[in-house]
Amino acid sequence: MTVTDTENTGSTEPQLSPAGNPMGFGRMLRKEDVRFLRGHGHYVDDVQLPGMLYSAILRSPYAHARIVSIDTSAAEAHPKVRAVITGATLEGLNLAWMPTLSHDVQAVLATDKVRFQGQEVAFVVADDRYAARDALELIDVEYEPLPPVMDATKALDPDAAVIRTDIEGKSDNHIFDWEAGDAAACDEAFAGAEVVVEQDMLYPRVHPAPIETCGTVASMDPITGKLTVWSTNQAPHAHRTLYAIVAGIPEHKIQIISPDIGGGFGNKVGIYPGYVLAVVGSIVTGKPVKWVEDRSENLMATAFARDYHMKGRIAATKDGKILAVQVDVLADHGAFNGTAQPTKFPAGFFHIFTGSYDLQAAHCKVTGVYTNKAPGGVAYACSFRITEAVYLVERMVDVLAYELGVDAGELRMKNLLRPEQFPYTSKTGWEYDSGDYPRALRKAMEIAGYDELRKEQAEKRERGELMGIGISFFTEGVGAGPRKHMDILGLGMADGSELRVHPTGKAQLRVSCQTQGQGHETTFAQIVAHELGIPPEDVEVIHGDTDNTPFGLGTYGSRSTPVSGAAAAVVSRRVRDKARIVAAAALECSPDDLEWTQGRWSVKGDPEQGRTIQEIAMLSHGSLELPEGVEGHLDASVVYNPPNLTYPFGAYICVVDVDADTGKVHVRRFIAVDDCGNRINPMIVEGQIHGGLAEGVGMALMQAIAFDEDGNCLGGSFLDYLLPTALECPSWETGATVTPSPHHPLGAKGVGESATVGSPPAVVNAVIDALKPYGVRHADMPLTPCQVWLAMQGRPARTDLALT
Amino acid sequence: MQTPASFEYERATSVEQALALLEQHGPEACLVAGGHSLLPMMKLRLATPEVLIDINELPDLGYVRVEGSEIAIGALARHVDLLASPVLREHYRIFEEAEHVIADPIVRNRGTVGGSLCQADPSEDLSAVCAALGARLVIQSAAGRRTVEARGFHVGPYETLVGPAEMLVEVRLPIRPGAGSAYQKVERRAGDYAIAAAGAFVVLEGGMVADVGVGIAAVGAPQFTAPGAEDYLRGKEPSEPHLAEAARLAAEATAPAVDQRGTVEYKRHLAGELVRRALRSAAARAAGQEG
């Protein structure tokens with residue numbers, strides 16, 4: 001394995017394109033920003049179609065109530081209202097319920113009862129959005145309130161109200177039990193351990209809150225029967241198949257267009273009732289129908305993230321060798337089990353919780369429960385629950401350090417996997433592809449000036465000032481499939497890609513994944529440039545339209561570069577191979593006599609004799625006689641089935657100051673050393689990391705969606721659900737090590753979620769470290785000033801419930 | 001997208017016209033200035049005024065100036081005007097410190113003094129500042145002008161003495177030579193409503209507190225102030241034990257409500273701590289010891 005210690009570009013191509021861009025890997029400005037920065041992005045809500053109608057959704061004010069009656073007559077009498085649709089209407093169409101991505105069903109519109117505050121109850125289509133909203137107030141719904149189940153820890157109590165009375169024979173709120181690892185080996189390791197530490201911790205319910213809320217414009221052509229859907233979604237091809245299954249519309253008559261997307265973060269993976277309702281609205285009215293939710297609807301009703309109540313246990317020797325980790329999870333999935341993840345993994349990839357350490361044994365058990373909250377759970381850049389896994393293990397290591405009285409950095413260094421152990425099979429069955437963990441941690445500690453920070457902290461503690469240093473070392477597994485092990489509702493997780501080089505040497509790359517701000521139009525053009533020597537400005541990346549792109553599973557779980565990026569590399573190589581044959585025909589030599597250098601096939605030993613890729617493109621479309629078996633034109637397609645996940649990792653260090661009298665936390669510094677293998681565009685990678693670090697500060701210090709005992713959502717607007725601003729974020733200090741993935745064609749690993757996954761425990765560890773003089777070992781996020789103050793008094797609050 | 005209910009719109013070009021429009025349209029009419037509280041409430045349909053009377057173009061209401069022994073602030077002065085005002089910086093640092101932590105620059109560019117006070121949000125920082133400084137507020141109606149004390153302006157949460165056909169037009173502050181003042185606030189995040197906030201001014205004579213004012217926001221202090229703490233401190237040396245006792249008395253006068261920003265106990269503790277810090281800083285400035 002090649003390991004370099006520079007800020008790697010993964011490139012040996014120093015030359016620049018005519019536009020001054022790297023001919024391959026390296027920093028370049030994002031191609032898409034030309035339109036975004038000028039306000040010329042085109043989002044779903046920008047779609048305007050002739051005769052288009054607007055819609056709005058009436059939502060439940062109750063968390064749990066029986067619907068006694070719905071009277072829509074006044075709304076229907078509104079002069080601008082075209083249709084009012086209720087659960088009863090949908091029952092007639094067999095569309096009242098739709099399948100979720102997790103073997104459950106979800107109400108499109110409530111029929112029998114409402115199961116969370118904000119649930120969809122009725123749908124109005126009108127001439128304009130104001131009339132649609134006005135008409136909602138004319139719908140009269142009579143509810144009979146039922147006791148809501150708001151505390152997940154009480155959801156399985158014998159006297160808890162049963163939420164899913166729609167499921168025949170259901171008598172409790174239990175969804176599933178699932179486990180991974182070796183329970184017996186774990187018990188044995190714990191039984192023999194000198195030190196065992198246990199800690200309960202909650203990863204609270206948070207929400208991805210993309211700038212652009214969710215929406216759909218649906219247009220069913222009554223003549224051709226073709227349905228065109230513009231929607232905010234991260235997986236257009238999967239959506240097409242699901243619409244076909246849900247609505248019974250033939251799949252070849254469905255076109256999903258995902259235009260510019262204003263942030264996804266897992267919020268736009270699934271299909272929401274509003275999407276289906278827009279389709280139904282278009283079918284019913286014969287007109288295009290737009291539905292775009294507002295901010296509160298987005299926060300209250302669309303895919304939240306986390307909500308894991310975890311009981312962690314860690315076993316170690318007295319001198320700090322970690323032996324085993326065990327964890328029991330109570331997973332709050334809300335009213336419908338709608339987690340979006342590979343179907344065989346009900347707890348996502350949580351069982352990567354063994355983290356970055358060399359353990360003897362590990363085991364986890366996850367129990368999913370229904371509560372009267374919105375469905376979701378897998379979102380917010382979580383890499384299918386690796387956020388929860390990393391938080392668990394990185395908090396547990398700090399809790400162990402606290403109990404052993406040792407430095408948390410030393411304890412980690414002592415237990416990290418060693419480079420020679422890779423490829424490494426974890427105790428829960430993951431095969432980590434590559435890594436040099438101690439090097440990344442050393443580098444982070446160097447940048448931080450770790451020893452000096454500890455010295456400063458000791459001096460401050462003498463004076464009664466609270467300063468904390470927190471470390472997090474994370475390992476992620478990203479880039480699902482392989483298709484054999486990973487599927488979404490039976491759709492194997494492999495991605496297609498098509499590359500066509502036009503006669504003049506300009507290229508179009510078609511990919512199945514869907515950018516939501518990640519910069520695919522730039523990064524993927526750079527991949528083609530790297531492989532083919534076509535300048536990145538000459539490569540147009542086409543995505544987000546199912547009629548014009550090959551099938552694939554979409555962008556989430558940091559899978560674009562690991563899967564679609566690999567597909568782009570492989571398809572480029574196929575074109576390169578074809579170009580070789582064409583060049584050989586033109587040069588009247590054997591393809592074996594040619595060698596590839598910098599966008600050109602030339603004769604070995606006679607480099608003057610050659611053809612550039614652009615020349616070959618024209619030749620392949622021309623009258624040149626091609627050898628037997630070679631068709632004309634210059635294009636190729638591929639379906640890339642990843643052999644394994646890629647395993648990016650990183651070492652993060654956070655430095656905080658805490659005001660002992662107010663509880664206010666100030667994040668002074670944050671050092672992030674990420675290793676995502678070769679970096680295609682380091683600028684974009686850093687941008688992704690910056691964003692994820694901000695999200696980590698947000699989760700650690702201010703974000704949570706709690707509920708009061710009556711079932712009211714306490715995070716239903718940006719007044720209550722806080723996103724961090726520049727003022728809460730320090731100037732990020734980033735660093736890199738490069739350990740290429742041995743199985744990815746470009747040696748790259750996914751990175752889009754690394755910082756979101758890795759940073760929360762660093763911030764929390766720092767705050768808890770600052771509070772050490774008060775004997776604080778743990779407090780749950782978010783560490784608001786009040787929560788810090790309560791923790792200092794030994795009574796931190798439960799952050800999933802209303803404060804009392 | 002959030003969509004407000006339909007409403008009529010009128011643009012006033014003089015105070016008199018604005019008052020006449022209020023009279024004409026009755027209690028379902030609403031003045032809009034910066035709109036940063038009203039418009040979000042309308043989009044959420046928490047507010048559904050039938051008529052909006054836009055007063056943004058009223059001339060000559062955006063001033064901050066010295067008039068004799070007082071500072072006069074026009075009701076249409078924007079937050080950003082207060083933040084940048086040399087007059088206020090010279091006499092009352094409390095304004096600069098409070099304005100720095102009010103919302104964000106976008107809101108401060110549009111939001112007005114009059115709108116902030118009349119919105120009468122229990123967390124409103126300028127209500128605490130005006131209470132601390134003993135401001136007087138000038139209310140105009142067709143019948144003429146009347147002046148009320150800031151410390152009696154609030155009838156309840158989101159309710160003031162301003163009647164349906166009246167308009168707050170001016171804030172008047174006594175100039176207190178040698179006064180030091182300061183503002184302190186803790187929020188979960190920049191731009192969030194305060195968990196608690198406190199401001200104070202102190203005038204020293206011979207090292208003793210000759211005059212003092214305390215303002216408190218977001219924790220249910222009646223009329224945004226704590227007279228008991230002020231009474232206690234008057235005539236005393238601003239020593240740490242005295243400040244601590246004043247802070248304790250101020251905290252005692254609060255009646256916080258629990259929400260996700262904090263428990264009652266924490267908010268009361270925090271209010272006391274911020275009163276202490278504001279008093280300490282104000283006293284130091286009065287003594288010429290702190291910028």
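This report walks through the interface, salt bridges, cysteines and two helix residues of a two-chain model.

The model is predicted, so local features need pLDDT of at least 70, side-chain atom pairs count only at pLDDT 80 or more, and totals for chains, interfaces and linings use all residues. Residues are numbered from 1 along each chain as its sequence is written, chains are lettered from A and ligands numbered from 1 in the order in which they are written, and side-chain values use heavy atoms, with hydrogens and water left out.

## Where the chains meet

Let's start with the interface. Here 35 residues of chain A are in contact with 29 residues of chain B, where contact means heavy atoms within 4.5 Å. Between them, chain A and chain B bury about 2700 Å², and 56% of that is on carbon and sulfur atoms. Buried area is the accessible area (1.4 Å probe) that two parts lose on being put together, summed over both.

On the polar side, the count between the two chains is five salt bridges. A salt bridge is a side-chain nitrogen of Lys or Arg within 4 Å of a carboxyl oxygen of Asp or Glu. One that crosses from chain to chain pairs B:E265 with A:R795, with the closest N and O atoms 3.0 Å apart. There are also 11 residue pairs in polar contact between chain A and chain B, both residues being at pLDDT 80 or more. A polar contact is a pair of N or O atoms within 3.5 Å; within protein, one must be able to donate a hydrogen and the other to accept it, and residues adjacent in sequence count only if both atoms are side-chain atoms.

Which elements give two or more residues to the side of chain A that touches chain B? They are α4 (129–136), α8 (295–301) and α18 (785–792) of chain A. Helices (H or I, at least four residues) and strands (E, at least two) are DSSP runs, numbered from the N terminus. That side of chain A divides into 17 nonpolar, five polar and 13 charged residues. For that split, Ala, Val, Leu, Ile, Met, Phe, Trp, Tyr, Cys and Pro count as nonpolar, Asp, Glu, Lys and Arg as charged, and the others, Gly among them, as polar.

## Salt bridges

Over all chains, the structure holds 81 salt bridges. Three within chain A are set out here.

| Pair | Closest N to O | Residues apart in sequence |
|---|---|---|
| A:R35 and A:D260 | 2.6 Å | 225 residues |
| A:R454 and A:D407 | 3.1 Å | 47 residues |
| A:E456 and A:R668 | 3.1 Å | 212 residues |

In the pair A:R35 and A:D260, A:R35 sits in helix α1 (residues 33–36) and A:D260 in the loop between β13 (254–257) and α7 of chain A. A:R35 is partly exposed at 24% relative accessible area, whereas A:D260 is buried at 10%. Buried means under 20% relative accessible area, exposed over 50%, and partly exposed in between (1.4 Å probe, protein chains only).

Helix α12 (residues 450–462) holds A:R454, while A:D407 is in the loop between α9 (386–404) and α10 (408–415), so the pair ties together parts 47 residues apart in sequence. A:R454 counts as buried at 18%, and A:D407 counts as buried at 18%. A:E456 is in helix α12 too, and its partner A:R668 is in strand β32 (residues 665–675). A:E456 is partly exposed at 23%, and A:R668 is partly exposed at 24%.

Salt bridges that share partners also join A:D659, A:D661, B:E240, B:E273, B:R276, B:R277 and B:R280 into one network.

## Cysteines

How many disulfides does a search of the whole structure find? Zero, over all chains. A disulfide is a pair of cysteine sulfur atoms within 2.5 Å. The sulfur of A:C214 is 15 Å from the closest cysteine sulfur, in A:C713, so it is too far for a bond; A:C214 is buried at 0% relative accessible area. For B:C30, the closest cysteine sulfur is in B:C118, 10 Å away and again too far for a bond. B:C30 counts as partly exposed at 25%.

## Two helix residues

A:S282 is in helix α7 (residues 273–285) of chain A and is buried at 1%. Its side chain reaches the backbone oxygen of A:A218 at 3.4 Å. Leaving aside residues up to four places away in sequence, A:S282 touches A:A218, A:S219, A:M220, A:K287, A:P288 and A:V289.

A:A244 is in helix α6 (residues 236–247) and is buried at 16%. With residues up to four places away not counted, A:A244 touches A:I249, A:E251 and A:I254. A:A244 and A:I254 are 10 residues apart in sequence and 7.6 Å apart in space, C-alpha to C-alpha.
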